[in-house]
Amino acid sequence: MEVSASASRRRNNSICIKISLLILVIFHFSSTITAIRKDVGFQIIHPCKTTVQGRYLLSDDNGYVCNAASVNSRSRCCPQRGEKFSCHGCNLLSQCCNSYEYCVSCCLNPALISKEQVLKMKVAKPTTARTYSSVFDYCAGRCRHSSESVVHENAYISDFHHCFSLSSNSSAGKNSTLTEARLSGINVVVGRQGESCNSVCKSRGQSCVPNKLVVLNSCDIIQKYMSCKGSCLASVGADQPAEVVYDAPVHLNPGSCLYTETQSILSCDGLHQHTRRLCPCA
């Protein structure tokens with residue numbers, strides 16, 4: 001009986017040891033797995049938006065310009081080397097560049113372009129208008145299609161024909177030096193009542209320059225050439241920028257100057273029987 005009891009105790013001790021070892025093994029592997037899972041990390045890749053117009057260069061929304069072959073294949077970003085927000089080949093006075101990609105890079109500089117103002121701007125014509133989703137979208141579009149870089153609608157003013165400047169319609173708007181540069185070679189003329197800019201410029205032996213109407217379309221510029229005694233107001237009309245004549249009906253705000261927030265409707269042909277236009281002639 002004693003031998004049987006001793007053997008039974010040994011078996012019980014052996015079973016306890018095995019159970020203890022099994023518990024230790026399970027605990028060891030579970031803690032190891034937990035530690036591995038905590039240490040595992042996946043690098044988050046933030047894809048870049050890039051320009052696609054150029055054959056050799058492109059710019060990304062981080063503000064870098066690079067050779068198309070050097071773009072990261074996963075993120076589509078340029079290597080972050082060289083100058084960020086590079087304005088290589090750009091005239092910072094006129095905010096125009098001789099390269100599309102460097103125009104976009106320069107435009108992205110927050111010191112030159114106001115994000116708040118850009119995101120409020122309208123894209124395209126009123127019937128399809130939307131606002132820009134980012135500063136990059138504005139810069140990529142503005143540098144490619146700038147009406148201020150051409151004259152008479154069929155020729156570039158200069159090699160610096162990629163422009164990104166913002167138009168301003170507030171009295172605290174454009175820097176006067178910048179405005180003078182953008183109006184270089186332009187005669188600003190106040191027309192007669194009910195006269196179109198085509199007629200105003202033709203009477204001087206010149207032609208109206210349509211893309212410069214955008215430059216004149218701000219209160220601070222209009223007030224340099226017109227009295228604007230009745231204030232400067234936002235309006236809608238192809239005859240703007242303009243001043244309402246003093247004998248106009250009261251509801252038209254006689255003496256007021258007018259600018260439009262819908263720049264796509266500006267026209268050299270526009271006229272109104274109760275306004276005098278401010279015209280760019282060359």
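Tyr 132 is a good place to start in this predicted model: with a relative accessibility of 16%, Tyr 132 counts as buried, because the limit for that label is under 20%. Tyr 138 is buried too, at a relative accessible area of 1%. These tyrosines also belong together in another way. The count of aromatic pairs comes to one. That pair is made by the rings of Tyr 132 and Tyr 138, whose centres lie 5.4 Å apart and whose planes meet at 85°, so the arrangement is edge-to-face; the label applies to planes over 60 degrees apart.

Now look for Val 118, which touches both of these tyrosines. You will find Val 118 in helix H3, which covers residues 115-118. Its relative accessibility is 0%, so Val 118 counts as buried. If neighbours within four places in sequence are left aside, the contacts of Val 118 are Ile 113, Tyr 132, Ser 134, Val 135, Tyr 138 and Leu 166. Phe 136 can serve as another landmark here: Val 118 and Phe 136 are 18 residues apart along the chain, and their C-alpha atoms are separated by 9.8 Å.

Next comes a sheet. Strands of a sheet pair through backbone hydrogen bonds, in either a parallel or an antiparallel sense. In this structure, three strands form an open sheet in the order E3-E4-E9, with antiparallel pairing. Strand E3 (90-91) and strand E9 (162-163) stand at the edges with a single partner strand each, so each has one side without a neighbour in the sheet. To follow the pairing in detail, turn to strand E4, residues 96-97, which pairs with E9 over two bridges. Cys 97 has His 162 in E9 as its bridge partner.

Further along the chain, Ser 196 sits in the loop between strand E10 (187-190) and helix H6 (197-202). Is this loop residue buried or exposed? Ser 196 counts as buried, because its relative accessibility is 10%. Apart from neighbours within four places in sequence, Ser 196 is in contact with Cys 268, Asp 269, Gly 270, Leu 271 and Arg 277.

To finish, let us turn to the surface. Ile 15, Ile 19 and Ile 23 make a nonpolar surface patch of about 290 Å². Of these residues, Ile 15 is placed in helix H1, which runs over residues 2-39. At 47% relative accessibility, Ile 15 counts as partly exposed, whereas Val 118, at 0%, counts as buried.

Note on methods: Residues are numbered from 1 along each chain as its sequence is written. This is a predicted model: local features need pLDDT of at least 70, side-chain atom pairs count only at pLDDT 80 or more; totals for chains, interfaces and linings use all residues. Side-chain values use heavy atoms; hydrogens and water are left out. Rings of Phe, Tyr and Trp (its six-membered ring) pair if their centres lie within 6.5 Å; planes under 30 degrees apart count as stacked, over 60 as edge-to-face and the rest as tilted. Buried means under 20% relative accessible area, exposed over 50%, partly exposed in between (1.4 Å probe, protein chains only). Helices (H or I, at least four residues) and strands (E, at least two) are DSSP runs, numbered from the N terminus. Contact means heavy atoms within 4.5 Å. Patches are made of residues with over 30% relative accessible area and no salt bridge: like charges are joined within 9 Å, nonpolar side chains (Val, Leu, Ile, Met, Phe, Trp, Tyr) within 5 Å. Accessible areas come from the Shrake-Rupley method with a 1.4 Å probe; for residues, only the protein chains shown count as cover. A salt bridge is a side-chain nitrogen of Lys or Arg within 4 Å of a carboxyl oxygen of Asp or Glu. Two strands pair if DSSP finds at least two bridges between them.
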